[in-house]
Amino acid sequence: MSYYLSKSLPGPFDAVVGRVIQALAARGFGVLTTIDVRDTLKRKLGVDFRPYTILGACNPHYAYRALQAEDRIGTMLPCNVTVMERAPGEIEVCAIDPVASMASVGNPELADIASKVRGLLKEIVDGL
């Protein structure tokens, strides 16, 4: 089982990041955190890295349900979505597969929630 869902698409990097944020919002996800990996690695290590952004996405409805089912599940939230440049104009978007990430918990109620969130994230990624 893969631990992520992905799709490659053409476009300028920043425009794809914007499209991903809009697609997440259309399905009820907010972006709680945005990490510019390229900038962070440059500042912290002085190294050059390709454009790479991590979006910490959260659907409050499902996050609340997951926390009710398993109060320590916050260690696995929010759902990370990455946008990375593979080559100039070739951008890959990856989203965590919550079914894979939550499988180790062994809570059937949580598995059902993860399956629903996976469906939403798959629709988002496929629709880009």
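A residue counts as buried when its relative accessible area is under 20%, and because tyrosine 52 has a value of 17% in this predicted model, it falls into the buried class. The structure described here is a prediction, and the following report takes up its aromatic pairs and then its nonpolar core.

**Aromatic pairs**

A search of the whole structure finds two aromatic pairs. In one of them, tyrosine 3 and tyrosine 4 meet in an edge-to-face arrangement, while in the other, phenylalanine 49 and tyrosine 52 are tilted with respect to each other. The geometry of each pair is set out below.

| Pair | Arrangement | Centre to centre | Angle between planes |
|---|---|---|---|
| Tyrosine 3 and tyrosine 4 | edge-to-face | 4.9 Å | 70 degrees |
| Phenylalanine 49 and tyrosine 52 | tilted | 5.9 Å | 55 degrees |

Tyrosine 3 is exposed, its relative accessible area being 58%, whereas tyrosine 4 is partly exposed at 35% relative accessibility. In the tilted pair, phenylalanine 49 is partly exposed at 30%, and its partner tyrosine 52 is the buried residue with which this report began.

**The nonpolar core**

The largest nonpolar core holds 31 residues, and those that touch the most other members are Val20, Leu24, Phe29, Val81, Val83, Val93 and Leu121. Among the elements that give two or more residues to this core are strand S1 (4-10), helix H1 (13-26), strand S4 (79-87) and strand S5 (90-96), although the largest share, eight residues, comes from H5, which spans 108-127. Leaving aside residues up to four places away in sequence, valine 20 touches Leu55, Val81, Val83, Val93 and Leu128.

Note on methods: Residues numbered from 1 in each chain as written. Predicted model: local features only at pLDDT ≥ 70, side-chain atom pairs only at ≥ 80, totals over all residues. Heavy atoms only, no water. Phe/Tyr/Trp six-rings, centres within 6.5 Å; stacked < 30°, edge-to-face > 60°. Buried < 20%, exposed > 50% of the residue type's maximum accessible area, 1.4 Å probe, protein only. Core = buried A, V, L, I, M, F, W, Y, C linked by side-chain atoms within 4.5 Å. Helix = DSSP H or I, 4+ residues; strand = E, 2+ residues; numbered from the N terminus. Contact = heavy atoms within 4.5 Å.
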